[in-house]
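Visitor: I would like to learn how to read a structure feature by feature. Could you take me through one, giving the general idea before each case?

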Amino acid sequence: MATGTAVDVVMPQMGVSVSEGTITKWSKQVGDHIEADETLLEISTDKVDTEVPSPASGVISEILVSEGQTVDVGTVLARIGGEAGAAAAAPAEAAAPPEPAQAAAPEPATQAAAGESEAAATELAAPLAQPAQPVAQENGKSFVSPVVARIASEHGIDPAQVPGTGSGGRVTKKDIQAFIEAGGQQQAAPAQTVPTQAPAPQAPPQAAPQAPAPSREPQAPGSGETLEPMTAMRRGIADHMRRSLDTSAHVTSAIEVDMSKVVAIRQKLKKEYGAAYGVNPTYLSFIARATVETLRDYPWVNGEIRGDQIVSKSFVNLGFAVELTDGKGLIVPVVKNAETLNLLGMAKAIADVAKRARDKQLTPDDVTGGSFTITNPGGYGTFHGTPVISQPQAGILGTYAIVKRPWVITDDNGADAIAIRSIMNLTLTYDHRLVDGAYAGRFLRDLRERLQTWGEADY
Amino acid sequence: MAIARQAEPSGSLDEARDAGLDREDLFQIYRNMLVTRGVEERGHILYRQGKIPGSFYTGRGNEAAAVGVASAMGNDDVGTPLHRDMGVHITRGVEPWRIFAQYMGRADGPTHGKDGNVHMADANLGLLAMVSHLPAMLPVAVGCALAFRIREEKRVAVAWSGEGAMARGDAHEGMNFAGVRRLPVVFICDNNQWAYSTPTHLEYAVEHLADRAQAYGFDGVVVDGTDVLAVYREAKRAIEKARAGGGPTLIECQTLRMEGHAVHDDAFYVPKELFERWAERDPIERYRTWLRENAEMRDEEEEEITAHVKKLLSDALQRADESPQPDPATLTDGVYATPEDLDTPHHK
Amino acid sequence: MAEKTYLQAISDGLRQEMRRDKRVFVLGEDVGVYGGAFKVTLGFQEEFGAWRVIDAPLSETAIMGGATGAAIMGLRPVAEMQFADFVSCAWDHLVTVAAKQRWRAGTPVPIVLRLPSGGGFSGGPFHSQNPESSFAHIPGLKCVCPATPEDAKGLITAAIEDPNPVLFFEHKHLYRRIKGEVPDDRYVTPIGKARIHQEGDDVSVITWGAMVYTAEEAAKQVDASVEIVDLRTIMPWDRQAVLDSARKTSKVLVLHEDTRTGGFGAEIAATIAEEAFEDLDAPVKRIAAPDCPVPFSPVLEKAFIPQVDDVARGLKELISY
């Protein structure tokens, strides 16, 4: 049968337990004509070697798998007829990455860029789960069975108010039914019912576990104390932080960077970018750009330990830590394939995730898959810190306030002088299981070099 | 030392007539053998093109045994053919397009995609679908004969088994029950000499499997399975004997399995000379020669048959290809039967 | 209406159907001349003849395979395994052929397989088993376990009428011990519907077969209102009745004579946990035989089969939870 549209030639399954086959010989080439049922290629499986007859008549438009290659059953091996379009399966695209959030103001809130504070606080993108534990019981065992919890919620009753006759003083179904019948008090229950909703998946930072089961034995506050339940996000952060410190060997190295060149270039570009693209080239975008370049030479800082293997990646999925409103927590949206972005692209990407984080439009995909993270603990003027690595990454870069300092500079004649320079601290917190001090030191050195020698032509 | 009777080879046109076959019948037998082989050859190609999932089995070399026996069955007789017996389905009237649809797991196959390769049958044509466990259908065929005996109907059941499957208890228990009760069932043993890679001397210790019939109280016959008219003659004799109340017969049809156990098996363990020797006795070639020499089949007649078969198969393939894939939503339909399902030819 | 034993009820139901429909026939070992190992078919061969009450050879394959083929050809066989324990010799034809034929080939297989099951009389490992859960697990088969004489007659009639393979588990230890009122005329007890053996508010016992009577005795020993649900059919089982009872009392005890792990009670408990979670005031409890073959010595067998005291204890634990 001649074909108008392309017909796929697939790897057949020669036997029920066979899952792959190897091409041993192509009998035809691209451009050749072939008749239906004529032998097109020969294959070898672990059960048998056989010829594969062509499923159609036509001209061979593509051959996708070459001799000697082994592929799974069902893989398209060639195409007959139709357009000779490349069946490029290449997935990797820097499709518009999720807009990076504004890392909470690398612009120093202090001196250098007064009034430049990008809105540091963003709201959590995903809805927070409501605190969902039952309130502490005060009589005997604090366990509330499912049916009692349901009846309690249906009637707005606090089970703690119901006398319990069950084992250990527990409130039984009969107890609460009797209580209701006797006209028991309705209370506006501060707590909600049985935790039925899990926290929204976007809520916790990357790889954070879901909220654990509600505590069985909360205690009453002491004098002068108030209690509030942990939000799902807070619990998620707590778990992740603990787990991260238990997993990685956290070591921090710091370096001072003279940002004067960047400051100057940024002044120039602000106007141009603002007018032409509506984008503000933040310090963060410069740092991010330089970081991505430097990671290329230090892949393990962008790497991962998986079991006994070291994973190196040809891409940089760059996470930016974002603080939430009122300091209730943080979220880390990820700019995927940041290595494909130039300065303008980076600035746009960061602005985009910031906006989407603010507008609560981050998706689960936006907060997963990161390979390296940049955070700014210095938004409020601090000059040093030791952030926690976001698992399963191997490093996290901390940026701090840019501060004008008196600085010793050496001129071309070798003479020393004191000048006022914009100095910024950078820290790299790294997992010493994978990255050694010297490696980290060289990374920071090269990063500093890039930032200090940023040329007007560098984008 | 053999006990079973050795059947005579097929004879002249007159002998065929005496056996009840006129010239049209003889041509129909030829047509059925060609369709059988054509269906399996085309299926083999489809399988290697990746259009048929799972595994693919053929009965290449068994066309005469299958068509011969099926041609001797009466309209109301029933049978439990196996995977080398495509010829039985074709002879009883299963349409090739439905067989292709079955192979390809489509919604219009006889099992609507729920079972594959030859695990199919049309109950309206008196055939019961086989299972993988062999020869599990043998005692079931005996059960059919039991029903005929209880209702005193002049109908016969035909049970198929391979020579390997004859090693299982099902064969013994089924044949014993049939012999004890003198039930109207005929047992066909397709002895194609290889049970996957196991040769006959590792499957049974008697000279012929047909010799075992004596142990169950009935007769056994050994016949050349590549000689379709000899098979027909023996099958007809046994079926009519059963119909008349004479009890079972065990017919052993000797052939060679001309391909692997399934087509993913290249049968390296079968000596090449064996293939060469039996290729010379190809059942279709043999019969074609017989037709030309004894029934004066002319070129035009042969060409007409060949062309008819070719068109039948290519139309069948196209029609099967248009059949849709089964809908996953129907997966658990029909696990249980409803009273309406009992409206079959057998339940009237 | 007359008072009959459980065994007489089965016998009556079968006889009534054989008189009514000549497609129905009996196939098993010693069922004809001997009248059946337990005398269920006593007098049948005299009435219906040797080709309707067939003494099969000692071959469960011939019986099961034979019944399958005959049913496909339009008859309505009532086959028998002399003891339920021997069904393992008939497994292949039951599970491979009969259970799957309708689904994959559109061919119904209307057979009944009678299985004298259960222990309590030193039958030992091979004459005392309750294999219903194995078959409830196979799609295409139905399994019924009557406890009362009235249900025994109604369910054998229903089983013969049903176009599917139906496994009829008749509890041997009930044959002559249990008597009840049984209507004389023909009636059908629906397959798939449970029966409330006794109503209660405080705790539900879900059970079947001989254990219904054990539950009844145990309920008398506790100071609570106990509801007993007799499932009657294991596959398809009456989920609605069980869930209704669970929601009513909020405390459930599942009781069966079969061994515990993978016994059908596991399916019931899992379903209650899945679908009535918010109605539970206690975890779902199971009482069943321990995971070992059925022992022979009376002392051991008593430790194996759930006794009235075991069930009473379980009920008390649930009630006081």
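**Sheets, interfaces and unusual backbone**

Visitor: Before we begin, what kind of model is this?

Guide: This is a predicted model. In chain C, for a start, residue P116(C) has E170(C) as its bridge partner in β7(C).

Visitor: How should I understand such a pairing, and how many bridges join strand β5 of chain C to strand β7 of chain C?

Guide: The general idea is that strands of a sheet pair through backbone hydrogen bonds, in either a parallel or an antiparallel sense. Here β5 (residues 112-117) and β7 (residues 166-171) of chain C run parallel and are joined by 6 bridges.

Visitor: In what order do the strands of that open sheet in chain C stand?

Guide: Reading across the sheet, the 7 strands of chain C follow the order β3-β2-β4-β5-β7-β6-β12, and the pairing is mixed. At the edges are β3 (53-55) and β12 (233-235) of chain C, each of which pairs on one side only, while the twist from one strand to the next averages 20 degrees.

Visitor: Chain A has an open sheet as well; which strands form it, and is the pairing parallel or antiparallel?

Guide: That sheet of chain A has 4 strands in the order β5-β4-β2-β7, with antiparallel pairing. Because β5 (49-53) and β7 (70-72) of chain A stand at the edges with a single partner strand each, one side of each is left without a neighbour in the sheet. Neighbouring strands are turned against each other by 40 degrees on average, direction ignored. Within this sheet, β2 (residues 20-26) and β4 (residues 39-44) of chain A pair over 4 bridges in the antiparallel sense, and K25(A) has E42(A) in β4(A) as its bridge partner.

Visitor: Let us turn to the interfaces. How many residues does the contact take from chain B and from chain C?

Guide: An interface can be read through its residues, its buried area and its polar pairs, taken in turn. The contact takes 46 residues from chain B and 42 residues from chain C, and the area buried between these chains is about 3700 Å², of which carbon and sulfur atoms give 64%. The count between chain B and chain C is 2 salt bridges; in a salt bridge between R102(C) and D341(B), the closest N and O atoms are 2.7 Å apart. There are also 15 residue pairs in polar contact across this interface, counting pairs with both residues at pLDDT 80 or more.

Visitor: Which elements give two or more residues to the side of chain B that touches chain C?

Guide: They are α6 (137-151) and α7 (169-181) of chain B, and α6(B) provides the largest share, 11 residues. By residue class, that side of chain B divides into 24 nonpolar, 11 polar and 11 charged residues.

Visitor: And what area do chain B and chain A bury between them?

Guide: Chain B and chain A bury about 1200 Å² between them, 56% of it on carbon and sulfur atoms, and R48(B), Q49(B) and H264(B) supply 50% of the area that chain B buries against chain A, more than any other three residues. This contact takes 13 residues from chain B and 16 residues from chain A. The count of salt bridges between chain B and chain A is 1, and the side chains of R42(B) and D37(A) meet in a salt bridge at 2.7 Å, N to O. The side of chain B that touches chain A divides into 4 nonpolar, 5 polar and 4 charged residues.

Visitor: Where does D37(A) lie in chain A, and what is its phi?

Guide: As a general rule, most residues other than glycine have a negative phi, and most peptide bonds are trans. D37(A), although not a glycine, has a positive phi of about 75 degrees, and its place is in the loop between β3 (33-34) and β4 of chain A.

Visitor: Which residues does a cis peptide bond join in chain B, and which in chain C?

Guide: In chain B, a cis peptide bond joins L134(B) and P135(B), with omega about -5 degrees; P135(B) lies in the loop between α5 (96-103) and α6 of chain B. In chain C, the peptide bond from M235(C) to P236(C) is cis, with omega near -5 degrees, and P236(C) is placed in the loop between β12 and α8 (239-249) of chain C.

Key:
Residues are numbered from 1 along each chain as its sequence is written. Chains are lettered from A and ligands numbered from 1 in the order in which they are written. This is a predicted model: local features need pLDDT of at least 70, side-chain atom pairs count only at pLDDT 80 or more; totals for chains, interfaces and linings use all residues. Side-chain values use heavy atoms; hydrogens and water are left out. Two strands pair if DSSP finds at least two bridges between them. Axes are lines fitted to C-alpha atoms, for helices over the stretch in contact, and angles run from 0 to 180 degrees between N-to-C directions. Contact means heavy atoms within 4.5 Å. Buried area is the accessible area (1.4 Å probe) that two parts lose on being put together, summed over both. A salt bridge is a side-chain nitrogen of Lys or Arg within 4 Å of a carboxyl oxygen of Asp or Glu. Ala, Val, Leu, Ile, Met, Phe, Trp, Tyr, Cys and Pro count as nonpolar, Asp, Glu, Lys and Arg as charged, and the others, Gly among them, as polar. A polar contact is a pair of N or O atoms within 3.5 Å; within protein, one must be able to donate a hydrogen and the other to accept it, and residues adjacent in sequence count only if both atoms are side-chain atoms.
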